[in-house]
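Welcome, and thanks for opening the viewer. Follow along stop by stop, selecting residues as you go.

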Amino acid sequence: MNDTQLRRSPIMPTVDFSAEGIQHGFLRLPYSRDDSAWGSVMIPITVLKNGEGPTALLTGGNHGDEYEGPIALFDLAHTVRVQDVQGRVIIVPAMNYPAFLAGTRTSPIDKGNLNRSFPGRPDGTVTQKIADYFQQELLPLADIVLDFHSGGKTLDFLPFCAAHVLLDKTQEARSFELVEAFSAPYSVKMLEIDAVGMYDTAAEEMGKIFITTELGGGGTATAKSAGIAKRGVRNVLSKAGIFKGVVDLVQTQWLDMPDGDCFSFAEEAGLIEPLVDLGDAVRKGQVVALIHPVGRTGEAPIRISAKIDGLLCARHFPGLIKAGDCSAVVAVTI
Ligand SMILES: [Zn+2]
């Protein structure tokens with residue numbers, strides 16, 4: 001096998017990205033296994049193209065237990081009409097499809113966290129092959145990228161759309177314009193704990209206008225959070241000049257995550273008692289949660305304190321917490 005063959009993705013799309021009109025198909029990823037010798041993972045994809053114009057790449061299910069994105073994108077794929085679009089829209093409602101079907105953050109096949117797998121490998125695990133296909137084939141087609149996230153089973157977020165502070169200030173400004181257009185209740189200048197291997201970073205390093213969301217969590221969606229996602233994706237496509245339908249812009253509150261003091265992590269395991277809820281104002285030094293030791297009675301709880309003034313924008317979701325878990329995130333109103 002030569003280098004060219006080694007670099008080529010095994011994923012075969014059943015859609016033609018250059019064809020006019022609307023196509024519903026699959027990214028077919030060969031996956032040989034016990035119950036299907038020549039089987040495949042069939043990742044649903046929709047491509048709409050109407051003449052010349054920018055390309056939007058819309059993704060959900062990067063993590064398999066986050067649902068607002070898949071809801072908004074399965075909905076968009078079957079409701080949008082090609083005449084509503086100028087340019088091209090590529091919709092992948094469940095990027096890490098095996099994880100999505102399993103209802104888990106990572107893939108049940110290889111335990112791969114897609115959003116820590118970029119740039120991926122064409123000859124790697126199933127998750128690495130998905131990352132590689134987006135890196136090599138889909139991101140290069142895109143002008144703007146919207147990747148939906150929520151908190152999954154272990155975190156809960158205020159509903160927000162976000163982009164990152166970037167070295168290229170033109171790219172950053174265009175990203176924040178789209179964040180504002182999304183019209184989530186909150187808009188965030190987002191700081192990542194661990195940006196290596198993220199889809200976000202891959203897209204930004206390619207010069208793409210990249211925006212993301214955190215729209216709730218707990219491993220489910222609500223009527224409100226799903227509605228924010230469905231409205232947001234149409235608003236973003238409209239702002240980008242791709243969607244010609246009616247949009248619904250609403251006021252958003254901007255938040256900043258200036259540095260690592262936004263995050264609090266548990267140092268002991270136990271039973272977490274929230275003392276403030278999402279959206280509540282907090283002061284530096286304020287105790288935002290208690291962790292009750294559960295090995296025996298009579299022990300004092302451990303305090304989790306805010307390190308900055310702001311409001312609570314994310315929190316640990318399950319009732320029990322482990323050492324190292326992110327317990328609270330505070331963002332600053334701007
Ligand atoms: Zn996620």
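## A stop at D84

Start by selecting D84, which has 13% relative accessibility and so counts as buried, the cut-off being under 20%. Keep in mind throughout that this is a predicted model. Now add R81 to the selection: the side chains of D84 and R81 form a salt bridge, with 3.0 Å from N to O. Is R81 buried, partly exposed or exposed? With a relative accessibility of 45%, R81 counts as partly exposed.

## More salt bridges

Side chains of opposite charge can pair when their charged atoms come close. In this structure there are 10 salt bridges.

For another one, select R234 and D75, whose side chains meet at 3.2 Å, N to O. Which helices does this pair tie together? R234 sits in helix α7 (residues 223-239) and D75 in helix α2, so the salt bridge joins parts 159 residues apart in sequence. R234 and D75 are both buried.

Next, pick K322 and D325. Their side chains also make a salt bridge, at 3.5 Å from N to O. Here K322 counts as exposed, at 54% relative accessibility, while D325 counts as buried, at 15%.

## A lysine without a partner

Move to helix α4 (residues 126-138) and select K129, which lies in this helix. Which side chain of opposite charge is nearest to K129? That is D123, but D123 is 8.0 Å away, and K129 has no salt bridge although K129 is buried. A salt bridge needs the nitrogen within 4 Å of a carboxyl oxygen, so a partner at 8.0 Å does not qualify.

To see what surrounds K129, show its contacts beyond the neighbours within four places in sequence: P10, I11, L29, R121, P122, D123 and G124.

## The zinc ion

Now centre the view on the zinc ion. Which residues coordinate the zinc ion? Select H63, E66 and H149: the donors are ND1 of H63, two OE atoms of E66 and ND1 of H149, at 2.0 to 2.3 Å. The angles among the four donor atoms run from 57 to 148°, and the site is irregular.

Along the sequence, the donor residues follow the spacing H-x2-E-x82-H. The two histidines link distant parts of the chain, 86 residues apart. To find them, look for H63 in the loop between β4 (55-59) and α2 (68-79), and for H149 in the loop between β6 (144-147) and β7 (155-157).

Try a surface view here too. H63 is buried, with 2% relative accessible area, and H149 counts as buried as well, at 5% relative accessibility.

## Aromatic rings

For the last stop, turn to the aromatic side chains. How many aromatic pairs are there? The count comes to 10. Select F263 and F265 to look at one pair: the ring centres are 6.4 Å apart and the planes stand at 35°, so this pair is tilted. F263 counts as buried, at 7% relative accessibility, whereas F265 counts as partly exposed, at 37%.

Finish by selecting Y67, F74, Y97 and F100 together, since these residues form one aromatic cluster.

How values were computed
Residues numbered from 1 in each chain as written. Predicted model: local features only at pLDDT ≥ 70, side-chain atom pairs only at ≥ 80, totals over all residues. Heavy atoms only, no water. Donors = N, O, S within 2.8 Å, 3.2 Å for Na, K, Ca; no water. Tetrahedral: all angles 85-135°; square planar, octahedral: opposite > 155°, others 65-115°. Helix = DSSP H or I, 4+ residues; strand = E, 2+ residues; numbered from the N terminus. Buried < 20%, exposed > 50% of the residue type's maximum accessible area, 1.4 Å probe, protein only. Phe/Tyr/Trp six-rings, centres within 6.5 Å; stacked < 30°, edge-to-face > 60°. Lys, Arg positive; Asp, Glu negative; His and termini not counted. Contact = heavy atoms within 4.5 Å.
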